[in-house]
Amino acid sequence: MHNVSEQKLIALDHAHVWHPYSAMGSGQPVYPVVSATGVRLTLADGRELIDGMSSWWCAIHGYNHPVMNHALRAQMENMAHVMFGGLTHPPAVELAQQLVSLTPASLQTVFFADSGSVAVEVAMKMAIQYWHAKGQPGKQHFATLRHGYHGDTFAAMSVCDPVTGMHTLFSDVLTRQFFVDTPQCRFGEPCTDAHIAPLAKTLEAEHQHIAALILEPVVQGAGGMRFYSADYLKKAHALCHEHGVLLIFDEIATGFGRTGKLFACEHANIAPDILCLGKALTGGYLTLAATLTSNNVAETISTGKPGLFMHGPTFMANPLACAAGLASLQLLRDTPWQQNVQRIAHGLEAGLAPCRAFESVADVRVLGAIGVVELHHPVEMETLQPRFVDAGVWVRPFGKLIYLMPPFIINEDDLATLTRAVTSIVADLS
Ligand SMILES: *Cc1c(COP(=O)(O)O)cnc(C)c1O
């Protein structure tokens, strides 16, 4: 199978394989990639592309990293997997201990899940079980922000933006949640009473039905790549406390340095009751996510009825994935990632700034190692994707957004190639 021709591979792919948010038979291009090292993806036809996506926020250290490879090989020779019911192992315990020490002090327990979506499901179940144990079983709904994205499973979908998440399609299976207008205060700006009023109103009116407020702190990712004021989080935190609503931060995209802080909640200096991590947790090597919570939530769930937390995936705390997580954290400790992210922020700002002059562009924004060009109209992926590939870069726009979030190890030249490709393609759209 490894030897099938490139044409045959693409034909078989078109015939049998679904891709994310895709239509079978659409004929949309897919590019066979045969290897990846550092910030470069090598295609089957020999072309090399500079990666501007980090494989959706994950590959923060780049691809084929010797330290990561070594850690995984060592773990594999020892034990690739073992069930987690009644058994435990060093990679899981060490990773949990390190996550506890890196995140806000009140978060003391770790539930390992297989993907970000599952980590969100787990967080939502924790919130419901917490209130059930406290004798408030009526608190089974959630408040959340418009333009959010929390994953593709049903409970996670129920708190995604109802329009981009196509809630009408699944109306009978999705729980109705309480949607609050997305924050209008931009990152770095203060959050006024008017900015927080929509959330205040919802929590005041509906708190007896609301188990938790779930949101992506500072950066709303796949729901629109919006950056908002850290001040908003402080006010939201106080409102949750006031109304007896738990606070869940979904840092699956923002976690592990992407916004310039190790976790986005550090911009506001507050701790949520429950924290979801995923994506870059394993440095982009394997799927693994984690839901952290406080002793208060954990003890309440564990001592109330039914006396246990109702979740336990087959591949929970997979040792290979945990070993990848430990190696990735080691690399973060051993590399000047803050300087790298700051350097990338400057490069993105300088490189994307010319886009501000183009008619087709509504906004250009940069935060940490995230650069976004928002257009007035949705782009045609079919025509744009091949143009980026021809320019030697891997950039995957969606809707009105062309964005870059390269691996932290990218150098100035490669970053400049990325921003030049975006700038020239956006110029042609105008
Ligand atoms: C990607 C993402 C998820 C879902 O993670 P999966 O691993 O794709 O299930 C949830 N929340 C946020 C903020 C994300 O960016």
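**Entry 1: the ligand**

How far is a nitrogen atom of the ligand from an N or O atom in the side chain of D250? I looked this up before anything else, and the distance comes to 2.7 Å. I note for myself that this is a predicted model, and my entries should be read with that in mind.

I then went through the other polar partners. An oxygen atom of the ligand sits 2.6 Å from an N or O atom in the side chain of K279. At G116 the backbone takes part: one of its polar atoms is 2.8 Å from a ligand oxygen. I also checked how well the ligand is covered. On its own it would expose 380 Å², and the protein buries 83% of that.

Next I listed the residues that surround the ligand. They are S115, G116, S117, Y149, H150, G151, E216, D250, I252, A253 and K279. Sorted by class, this shell holds three nonpolar, five polar and three charged residues.

**Entry 2: strands β1, β2 and β3**

I moved on to the strands. β1 covers residues 33-37 and β2 covers residues 40-43; I found them paired antiparallel through four bridges. To get my bearings in the pair, I noted that S35 stands opposite T42 of β2. The two strands make a hairpin with two residues between them. G38 is in that turn, and I read a positive phi of about 60° for it.

β2 has another neighbor. Strand β3, residues 48-51, runs antiparallel to β2, and three bridges join the two. Here I marked L41 with its bridge partner L49 in β3. This hairpin has four residues between the strands, and G46 takes a positive phi near 95°.

**Entry 3: salt bridges around R40**

Side chains of opposite charge can pair when their charged atoms come close. With that in mind I pulled up the salt bridges, and the count is 11.

Which residues form a salt bridge with R40? One is E48, with the closest N and O atoms 3.5 Å apart. The other I wrote down is D414, whose side chain meets that of R40 at 2.9 Å, N to O. D414 belongs to helix α13 (residues 412-429) and R40 to strand β2, so this pair ties together parts that lie 374 residues apart in sequence.

Are these residues buried or exposed? D414 is buried because its relative accessible area is 8%, under the 20% cut-off. R40 has 29% and counts as partly exposed. E48, at 46%, is also partly exposed.

**Entry 4: α13 to α11, and a network**

I stayed with helix α13 a little longer. E412 forms a salt bridge with R343, and their closest N and O atoms are 3.1 Å apart. R343 is in helix α11 (residues 337-352), while E412 is in α13, so I have a link between distant parts of the chain, 69 residues apart.

I looked up accessibility for this pair too. E412 has a relative accessible area of 47% and is partly exposed. R343 is partly exposed as well, with 23%.

My last note is on a network: R186, D363, R365 and E374 are joined into one by salt bridges that share partners.

Methods:
Residues are numbered from 1 along each chain as its sequence is written. This is a predicted model: local features need pLDDT of at least 70, side-chain atom pairs count only at pLDDT 80 or more; totals for chains, interfaces and linings use all residues. Side-chain values use heavy atoms; hydrogens and water are left out. A residue is near a molecule or strand if one of its heavy atoms lies within 4 Å of it. A polar contact is a pair of N or O atoms within 3.5 Å; within protein, one must be able to donate a hydrogen and the other to accept it, and residues adjacent in sequence count only if both atoms are side-chain atoms. Accessible areas come from the Shrake-Rupley method with a 1.4 Å probe; for residues, only the protein chains shown count as cover. Ala, Val, Leu, Ile, Met, Phe, Trp, Tyr, Cys and Pro count as nonpolar, Asp, Glu, Lys and Arg as charged, and the others, Gly among them, as polar. Two strands pair if DSSP finds at least two bridges between them. A salt bridge is a side-chain nitrogen of Lys or Arg within 4 Å of a carboxyl oxygen of Asp or Glu. Buried means under 20% relative accessible area, exposed over 50%, partly exposed in between (1.4 Å probe, protein chains only).
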